[in-house]
Amino acid sequence: MNITEIKPGVRYVGVNDRTTTRFEGLWSLPYGVSYNSYLVTGERVALIDTVEESFGSRFVENIRRELGDRTIDFLVVNHMEPDHSSSVATLRRLYPQMRIVGNAKTLQMLQGYYGIGENTLEVKEGDTLDLGGLTLAFYFAPMVHWPEVMVTYCPEYRLLFSADAFGTFGALDGGITDSQLRLDHFWDEMRRYYAAIVGKYGAPVQKALQKLSGLPVETICPTHGPVWQHEIGRVVEIYDRMSRYEGEPGVVIAYGSMYGNTEQLADELARSLATEGVAPIIVHNLSTADPSVVLRDVFKYDTLVVGSPTYNNELFPEVEYLLSRIEARCIPHRNFALFGSYTWAAAAVRRFTEFAERMKWALPCTPIEMKQGYSHERYDGECRRLAGEIASMMNRGKTAANL
């Protein structure tokens, strides 16, 4: 069995990266990441996307192992982000007759990034490329998550090369397809990948899903993560739900705390929520939490509770950082509640309220505003009161969703 063969004439030539610690210089990679590339071989040969250039020598070896002395006739560029395109210049030197296929925006970026403007083929929506025995068709998916993105479809195999759509963090440990791999960690890594990388672009993702729903698809080949065959329904459901910003029932408590007083509020509120029967409850200390994990959970669950001390008449910096990332991703709705603290001049609750107004999120719960230190006598009752209001808010949301 050739583990790299996905279908006859369709082979995997990507690489694993277990060295890079921050994707885009921002997002942690505890399981590594794969950069996926695929050869489609009929009478002529097409390569679908490339890999990050620091892995270029491995990539070229993978291609030559599969092709031998055959040349690459076409390089299809679905997405120009450098983790997928930065080996293009190397491939052009090795295969000078190779024609680079992309849409008009792709070809402009190809010139801008790598100075390549010759021997290219511009394709438009629905155009096809006959490889002799296999066909490639091109469909545009702008802003998923760059403006030039397109996907490539092979109708003979009902196979979709989906660019970053349906991708996930995580290196491929041995296998290539979902039936060959242990998938447990990939589901949360998919949510984390979507929240961190694609999260702002829910509307374009929905448009792309609607467009592609008319294509029969039996295999999805993304540029990161497993090749999907058996789990396509689950993968599409995750992307559909996240791009609609639809959270499942659960509470994320995200807080900052300098000396532990605001943290005690967060802990007591979590216990009070548990007493109300709310579950699951996820608590993040924003001074130590992985930002991409917090974002993943904000996307996954329908209720967000934030807490912060007043810091220089503003929010605690890590709390402000989280809110700015949520705002940048244009999340249109969440059940929202808040708590704040201060020593001599209160500002945190006011700043949270301003954030909610910018997001057009309702604030049906009365905040807790703690002055100076925490004590059980002064604030346990307040936490029980806020927990009850949050539970009622969540129940109203469930009722509205079922109408």
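How many helices and strands does the secondary structure of the protein chain come to? In this predicted model, the count is twelve helices and 22 strands. Taken along the principal axes, the C-alpha atoms of the chain fill a box of roughly 80 × 45 × 35 Å, and of its 403 residues, 57% count as buried. When the contacts in the chain with a separation of 6 or more are considered, 71% of them are accounted for by residues 24 or more positions apart.

From this overall picture we can turn to the interior. A search of the whole structure finds one cavity of 30 Å³ or more, and the volume of the largest cavity is about 90 Å³. Its lining consists of 13 residues, and those that lie nearest the centre are Val144, Ala165, Phe166, Ala208 and Leu212. Helix α6, which spans residues 202–212, gives the most to this lining, contributing four residues. In chemical character, the residues of the lining divide into twelve nonpolar and one polar, with no charged residue among them.

Phe166, one of the residues nearest the centre of that cavity, also leads to Val236, a residue placed in helix α7 (residues 232–243). Although Val236 and Phe166 are 70 residues apart in sequence, their C-alpha atoms are 7.2 Å apart in space. Leaving aside residues up to four places away in sequence, Val236 touches Phe166 and Leu209. Is Val236 buried, exposed or partly exposed? Its relative accessible area is 29%, and because this value lies between the 20% limit for buried and the 50% limit for exposed, Val236 counts as partly exposed.

A further feature to follow is the packing of two helices later in the chain. Two packed helices are described by the angle between their axes and by the distance between those axes. For helix α10 (residues 317–328) and helix α11 (residues 348–359), the angle is about 5 degrees and the axes are 11 Å apart. Because angles under 35 degrees count as roughly parallel, α10 is described as roughly parallel to α11. On the α10 side, the residues that take part in the contact are Val319, Leu323, Ile326 and Glu327, and these meet Phe352, Phe355, Arg358 and Met359 in α11. The residues of this contact divide into six nonpolar, no polar and two charged.

Key
Residues numbered from 1 in each chain as written. Predicted model: local features only at pLDDT ≥ 70, side-chain atom pairs only at ≥ 80, totals over all residues. Heavy atoms only, no water. 1 Å grid on protein atoms, 1.4 Å probe; cavity = no way out; pocket = protein on both sides within 12 Å on 5 of 7 lines; lining within 4 Å. Points joined across faces, edges and corners; volume = space filled by probe spheres on them. Helix = DSSP H or I, 4+ residues; strand = E, 2+ residues; numbered from the N terminus. Nonpolar A, V, L, I, M, F, W, Y, C, P; charged D, E, K, R; others polar. Axes fitted to C-alpha atoms, helices over the stretch in contact; angles between N-to-C directions. Parallel < 35°, antiparallel > 145°, perpendicular 65-115°, else oblique. Contact = heavy atoms within 4.5 Å. Buried < 20%, exposed > 50% of the residue type's maximum accessible area, 1.4 Å probe, protein only.
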